[in-house]
Amino acid sequence: MRGNEWKYVKECLDTNWVSSVGPFVDRFERMTAEYVGTRHAVATVNGTAALHIALIIAGVQPDEEVLTSTLTFIAPANAARYVGAWPVLIDAEPDYWQMDPQKVVDFIDRQCQWKQGKLTNKGTGRHVRGILPVHILGHPIDMDPIVELARKYELAVIEDATESLGAQYKGRRVGQLGDVACFSFNGNKLITTGGGGMIVTDHEEWAHRAKYLTTQAKDDPIEYVHRELGYNYRLTNMQAALGCAQMELIDDFISAKRRVAAAYTEAFDDLPGITPMREAPWARSTFWLYTMLVDEARYGQDSRSLMRQLAQAGIQTRPLWQPLHRSPVYRSAEVLSSGIADDLNRRALSLPSSVGITLLETKKVIESVVSRFEDRKRALKER
């Protein structure tokens, strides 16, 4: 919080525009759409609400299926269930840890059939309605094969870009690569409104419907007439004020993230047993959460043991999410897996990478990771 946050929030307080309408909501929507490169944006109370509404406006119906990532936070799968649809979980690829486009191709080619103008899962008999790719950790998915399949089989593409605002795929920002996309502004994201989300799309009708559904589906706001089930998913003016101030600094924030990532990558590139996160030649990552892989045999300890030791030194690190097909709530879901997500979950550790982390703090993290390897190596020699 180092820009116009105080000024804009004070303006909300001075003018009494503090709730779910006000000039900053409209401004934040315009700023986000312009930055992403879409025609429309609709603010929501959080990223999960954005995903829920995005699935509705994309036409996903109860008892249909949506293909999504298994290596991700649980929100996209939950959003599919909110609309009564079923997630089909797709494994990660080993290089950049994103949803594997080839697994999507394999599922559609081998396990589905095009019948009466619909793509049907031969095993379940359910209509496959959409693909919900999740750009994790600030890096985009290889989207061309996914979009090509979607166009061939008339599937909606709903981008979950909640972790990857500002990331680029072949020179285009994520959020404009499919039919509709969602962002999150939770406290740990690249920019924050404390909580909040955004739906972006080029479809004018979809944007109007998203605004309608997120504001309780009011057909007559004076007489309180509601012809559809709506939701109270509105963002407050005060939160949007924070968002506007944060958006003014987004390029600085991305530069800071990339500087931190470059420092970690340089330090760990030759460290045995540590694999720094990579950036595809066709991508520009924001490195939202800098993550490395720990090889127990070569480094001398596993990721969880290292996590505990770093915590004792005052350094908080985190593993990646448990793959959704391992979570009890989705254990019965259909999954296309070769074990990549499971391996990444076992070996990955995300390091401190805030836009506010100092050079001294980054150096402490690096020295702590390197010293633990050297300590293990020294102990082995002394045996």
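In strand S11, valine 200 is the bridge partner of alanine 181. Helices and strands here are DSSP runs numbered from the N terminus, with at least four residues (H or I) for a helix and at least two (E) for a strand. The model is predicted: local features need pLDDT of at least 70, side-chain atom pairs count only at pLDDT 80 or more, and totals for chains, interfaces and linings use all residues. Residues are numbered from 1 along each chain as its sequence is written, and side-chain values use heavy atoms, with hydrogens and water left out.

**Strand S11 and its partners**

Strand S10 (residues 180–184) runs antiparallel to S11 and is joined to it by five bridges. Strand S1 (residues 40–44) is also antiparallel to S11, again with five bridges. Two strands pair if DSSP finds at least two bridges between them. Some residue pairs that involve S11 are listed below.

| Residue | Opposite or bridge partner in S11 |
|---|---|
| Alanine 41 | Valine 200 |
| Valine 42 | Isoleucine 199 |
| Alanine 181 | Valine 200 |

Five of the five residues of S11 (residues 197–201) are buried, so the strand is largely enclosed by the rest of the structure. Buried means under 20% relative accessible area, computed with a 1.4 Å probe on protein chains only. Gly197, Ile199 and Thr201 are buried on one side of S11, and Met198 and Val200 on the other, which leaves both faces covered.

**The sheet**

An open sheet of eight strands has the order S1-S11-S10-S7-S6-S2-S3-S15, with mixed pairing. S1 and strand S15 (335–336) are at the edges with a single partner strand each, so one side of each has no neighbour in the sheet. Helix H2 (residues 23–36) lies across S1, S10 and S11 and runs at about 130° to S1. Angles run from 0 to 180 degrees between N-to-C directions, and axes are lines fitted to C-alpha atoms, for helices over the stretch in contact.

**Helices H3 and H7**

Helix H3 (residues 47–57) and helix H7 (residues 204–214) have axes that come within 10 Å and cross at roughly 130°. H3 and H7 are therefore oblique to each other; angles under 35 degrees count as roughly parallel, over 145 as roughly antiparallel, 65 to 115 as roughly perpendicular and the rest as oblique. In H3, Ile53, Ile56 and Ile57 meet Trp206, Arg209, Ala210, Leu213 and Thr214 of H7, where contact means heavy atoms within 4.5 Å.

Note on methods
Buried < 20%, exposed > 50% of the residue type's maximum accessible area, 1.4 Å probe, protein only.
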